[in-house]
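I opened this notebook to record what I looked up in a structure that is new to me. The entries follow the order of my searches.

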Amino acid sequence: MDHILGKYGTFIVERAGSDMDHATEALARWCHNIFLVPQLIQNDVSSTKVRLFLRRGLSVRYLLPAPVIDYIEEHELYADDASSFEKKDKERERAKDDAWRRAGTSTPSSAA
């Protein structure tokens, strides 16, 4: 922190629902090198939200600029997240089905 904030500084962009004063308290030591950018238009886009959308197969077209989407696709960013989450979801479903079978009842998917 001291090397980066002390030598180079940073810009911090305000996010919806964040308390900038509280968020920067721990960084007060470097306040001369920290530049706060107030949010003029509400923007709640985060990497977490982008990963969630991509994992669910949803479009991020209106969340991100086209060049950013192109970069994500070109470099296959978040691809591992999507495949690992899909595997976990399938494993959970398989475990639920196994539990239903062990209980001697039909699985929720076959009961419908």
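Entry 1, a term. Before reading any accessibility I wrote down the scale: a residue is buried under 20% relative accessible area, exposed over 50%, and partly exposed in between. I also noted that the model is predicted.

Entry 2, Phe11. I looked up Phe11 and found it in strand S1. Its relative accessible area is 62%, and the cut-off for exposed is over 50%, so Phe11 is exposed.

Entry 3, the patch. I then asked which residues make the nonpolar surface patch of about 390 Å². I found Phe11, Val13, Phe35 and Val37. Two strands come into this nonpolar patch, S1 (10-13) and S2 (34-37), and each supplies at least two of its residues.

Entry 4, aromatic rings. I noted for myself that two values describe a pair of aromatic rings, the distance of the centres and the angle of the planes. I searched the whole structure for aromatic pairs and got one. The partners are Phe11 and Phe35, with 5.3 Å from centre to centre and 35° between the planes, and the pair is classed as tilted. Phe11 belongs to strand S1 and Phe35 to strand S2, so the pair ties together parts 24 residues apart in sequence. I checked the cover of the second ring as well: Phe35 has 39% relative accessibility and counts as partly exposed. Both rings are also members of the patch in Entry 3.

Entry 5, salt bridges. How many salt bridges are there? I counted one. I wrote down Asp2 and Arg29 as its partners, with their closest N and O atoms 3.3 Å apart. Asp2 lies in helix H1 (residues 2-8), while Arg29 sits in the loop between helix H2 (20-24) and S2, so this pair ties together parts that are 27 residues apart in sequence. I looked up the accessibility of each partner. Asp2 is partly exposed at 44%, and Arg29 is exposed at 59%.

Entry 6, the core. I turned from the surface to the buried residues. The largest nonpolar core has five residues, and I listed them as Val50, Val60, Leu64, Ile69 and Ile72. I picked Ile72 and asked what it touches, leaving out residues up to four places away in sequence. The contacts I found are Val50, Leu54, Leu64, Leu77 and Tyr78. Val50 and Leu64 are on the list for the core too.

Definitions and conventions. Residues are numbered from 1 along each chain as its sequence is written. This is a predicted model: local features need pLDDT of at least 70, side-chain atom pairs count only at pLDDT 80 or more; totals for chains, interfaces and linings use all residues. Side-chain values use heavy atoms; hydrogens and water are left out. Patches are made of residues with over 30% relative accessible area and no salt bridge: like charges are joined within 9 Å, nonpolar side chains (Val, Leu, Ile, Met, Phe, Trp, Tyr) within 5 Å. Accessible areas come from the Shrake-Rupley method with a 1.4 Å probe; for residues, only the protein chains shown count as cover. A salt bridge is a side-chain nitrogen of Lys or Arg within 4 Å of a carboxyl oxygen of Asp or Glu. Helices (H or I, at least four residues) and strands (E, at least two) are DSSP runs, numbered from the N terminus. Buried means under 20% relative accessible area, exposed over 50%, partly exposed in between (1.4 Å probe, protein chains only). Rings of Phe, Tyr and Trp (its six-membered ring) pair if their centres lie within 6.5 Å; planes under 30 degrees apart count as stacked, over 60 as edge-to-face and the rest as tilted. A nonpolar core is a set of buried Ala, Val, Leu, Ile, Met, Phe, Trp, Tyr and Cys residues joined through side-chain atoms within 4.5 Å. Contact means heavy atoms within 4.5 Å.
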